[in-house]
2 protein chains.
Amino acid sequence: MKKLRNITPLENLSLVDKVENRLKEYFRENNLKIGDSIPKELEFAEALGVSRTVIREALLRLRTIGVIESKKRKGMVLTQPDIIQNFEKAIEYNLLGEQTLTDIFELRLILEMGMADLLFARMTKEDIEDLDTIVAEQEKEEVNTSIFSLEHEIAFHGKLYEMSNNTTLQRFQDLLLPVFSYVHDNMSPEAKNFKYSKGTFVTHRDLLNILKTGTPERFREAMRNHLEPHLEKVLHMAK
Amino acid sequence: MKKLRNITPLENLSLVDKVENRLKEYFRENNLKIGDSIPKELEFAEALGVSRTVIREALLRLRTIGVIESKKRKGMVLTQPDIIQNFEKAIEYNLLGEQTLTDIFELRLILEMGMADLLFARMTKEDIEDLDTIVAEQEKEEVNTSIFSLEHEIAFHGKLYEMSNNTTLQRFQDLLLPVFSYVHDNMSPEAKNFKYSKGTFVTHRDLLNILKTGTPERFREAMRNHLEPHLEKVLHMAK
DNA sequence: TATCTTTATATGTATGACATAATACAAAAA
DNA sequence: TTTTTGTATTATGTCATACATATAAAGATA
């Protein structure tokens with residue numbers, strides 16, 4: 001039998017899919033902005049000639065991704081979708097694959113190495129003081145317990161993100177924390193041991209000092225060393 | 001009248017909200033993984049004592065964020081949510097605020113500066129050849145038209161993301177392209193003019209050469225220069 | 001064995017009814 | 001007048017039922 005080629009399959013969209021597309025068109029055509037209210041379900045249903053059920057399903061999708069909000073009696077209004085929140089929802093279900101998790105962890109490394117210029121441009125005296133406190137706290141505890149604590153790790157690096165003054169980036173990191181701890185927990189014991197061994201590698205204190213008196217370039221290099229155990233693991237991983 | 005204090009409002013979750021939470025619990029308790037199939041709508045409805053409508057709405061939310069897929073007659077199975085796709089959907093509606101767009105653009109700069117180590121560790125001979133072609137193409141056209149083309153910009157930087165070999169990162173950039181062009185279009189003419197003015201700033205060719213014979217540090221520094229006009233604009237923006 | 005046809009079934013769509021919460025407005029109280 | 005309280009209205013939220021549709025799986029046909 002001759003192979004069938006060059007024939008595009010006819011689109012197989014469900015009614016809800018079509019309605020969703022029409023809604024998107026509608027928003028575009030009418031140039032609707034955040035805060036604008038949209039017609040009620042029954043009006044849409046009538047105008048498009050479908051049941052309220054279908055309209056509701058389409059609208060519900062929009063509600064789920066945060067494009068609209070609805071209130072009883074008041075109706076529906078367009079809202080600014082919270083891109084991070086969608087992310088979050090997906091993660092809550094613990095269904096991200098190994099590869100995605102690794103990718104995301106890698107993303108963290110990239111972010112922290114790339115953040116240098118932003119940090120130097122935006123850091124304030126208060127930021128430095130905060131970091132000082134965080135590092136001092138860590139050093140005090142480590143003398144006693146000599147146990148690596150994920151908490152301090154998060155406190156220090158979290159503060160860096162905060163200093164970036166980029167809300168999206170910051171929330172991104174908030175939400176990725178569980179991923180970080182996941183990867184952290186699943187790291188080989190060896191990697192854990194030689195991590196942050198003072199002297200060999202750059203410590204939080206070192207990073208802080210560079211922030212105080214150094215340059216973005218030096219900071220990047222230092223951060224690279226600081227993250228080296230992670231980097232090594234990730235870089236040489238079979239992809 | 002005495003002021004009312006210390007009374008927490010009682011939770012006001014819709015039925016669908018509650019059902020959604022119960023479903024999440026259910027997945028957790030039964031330790032369900034990607035690929036596992038779940039009971040049908042009617043069974044859930046009966047088990048939870050609510051109408052099929054409510055169950056469907058809750059399930060639809062999950063379907064929207066990509067946690068489940070459903071097929072007629074077959075039922076529903078857990079799927080790996082595509083975090084990028086969710087992002088994408090939100091963006092399609094053109095409802096992201098100015099601030100978010102700026103944040104995201106900033107994110108791009110951070111990513112490209114932070115990517116250096118990854119690139120050097122993972123680039124192949126073919127990658128370099130591809131880049132060579134892209135740059136040559138650009139140079140040829142620029143001689144004729146001397147017009148800056150977003151296309152070449154995207155081709156070159158897109159290739160870099162591709163070379164990172166990080167699928168998530170790559171798709172992230174794919175989806176952010178519209179944001180990039182948006183910010184690009186809205187840039188002040190001055191910024192556009194002194195951008196990539198050969199000689200003054202680092203060109204794509206320069207970056208490529210560093211990739212061939214240089215080091216990650218040099219590449220980072222070069223990329224910093226290359227992106228300087230963008231960086232300046234963003235760094236000194238009132239936040 | 002391979003291919004076609006039928007059948008059972010879970011999701012998809014339609015309809016109509018009622019519940020609920022939020023608004024606007026009227027009425028009452030201060 | 002101002003503030004509080006009640007009431008009607010209305011758009012979304014929930015329910016029940018029926019039917020449409022696609023398709024996996026079983027059965028029939030070659």
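Tutor: Contact means heavy atoms within 4.5 Å. This is a predicted model, in which local features need pLDDT of at least 70 and side-chain atom pairs count only at pLDDT 80 or more, while totals for chains, interfaces and linings use all residues. Residues are numbered from 1 along each chain as its sequence is written, chains are lettered from A and ligands numbered from 1 in the order in which they are written, and side-chain values use heavy atoms, without hydrogens and water.

Student: How many residues does each chain bring to the contact between chain B and chain A?

Tutor: Take each side in turn. Chain B gives 57 residues. Chain A gives 57 residues.

Student: What area is buried between chain B and chain A?

Tutor: Buried area is the accessible area (1.4 Å probe) that two parts lose on being put together, summed over both. Carbon and sulfur atoms give 62% of it. The total is about 5600 Å².

Student: How many salt bridges cross the interface of chain B and chain A?

Tutor: A salt bridge is a side-chain nitrogen of Lys or Arg within 4 Å of a carboxyl oxygen of Asp or Glu. Asp117(A) and Arg224(B) form one, with their closest N and O atoms 2.5 Å apart. Across the interface, the rule finds 12.

Student: Which element gives the largest share of the side of chain B that touches chain A?

Tutor: Helices (H or I, at least four residues) and strands (E, at least two) are DSSP runs, numbered from the N terminus. Elements giving two or more residues to that side include helix 1 (15-29), helix 9 (167-185) and helix 12 (216-226) of chain B. The largest share is 9 residues, from helix 5 of chain B.

Student: What percentage of the atoms of DNA strand C within 4 Å of the protein is sugar and phosphate?

Tutor: A residue is near a strand if one of its heavy atoms lies within 4 Å of it. Around DNA strand C there are 21 residues, and Leu15(A) and Lys40(B) are among those that come nearest. Sugar and phosphate account for 66%.

Student: Which residue puts a polar side-chain atom 2.7 Å from a phosphate oxygen of DNA strand C?

Tutor: A polar contact is a pair of N or O atoms within 3.5 Å; within protein, one must be able to donate a hydrogen and the other to accept it, and residues adjacent in sequence count only if both atoms are side-chain atoms. Leu15(A) uses a backbone N or O atom, at 2.8 Å. Glu41(B) also uses a backbone N or O atom, at 3.1 Å. The side-chain atom at 2.7 Å belongs to Lys40(B).

Student: Which residue has a side-chain N or O atom 3.2 Å from a phosphate oxygen of DNA strand D?

Tutor: Arg56(A) has a side-chain N or O atom 3.1 Å from a phosphate oxygen of this strand. The one at 3.2 Å is in Ser70(A).
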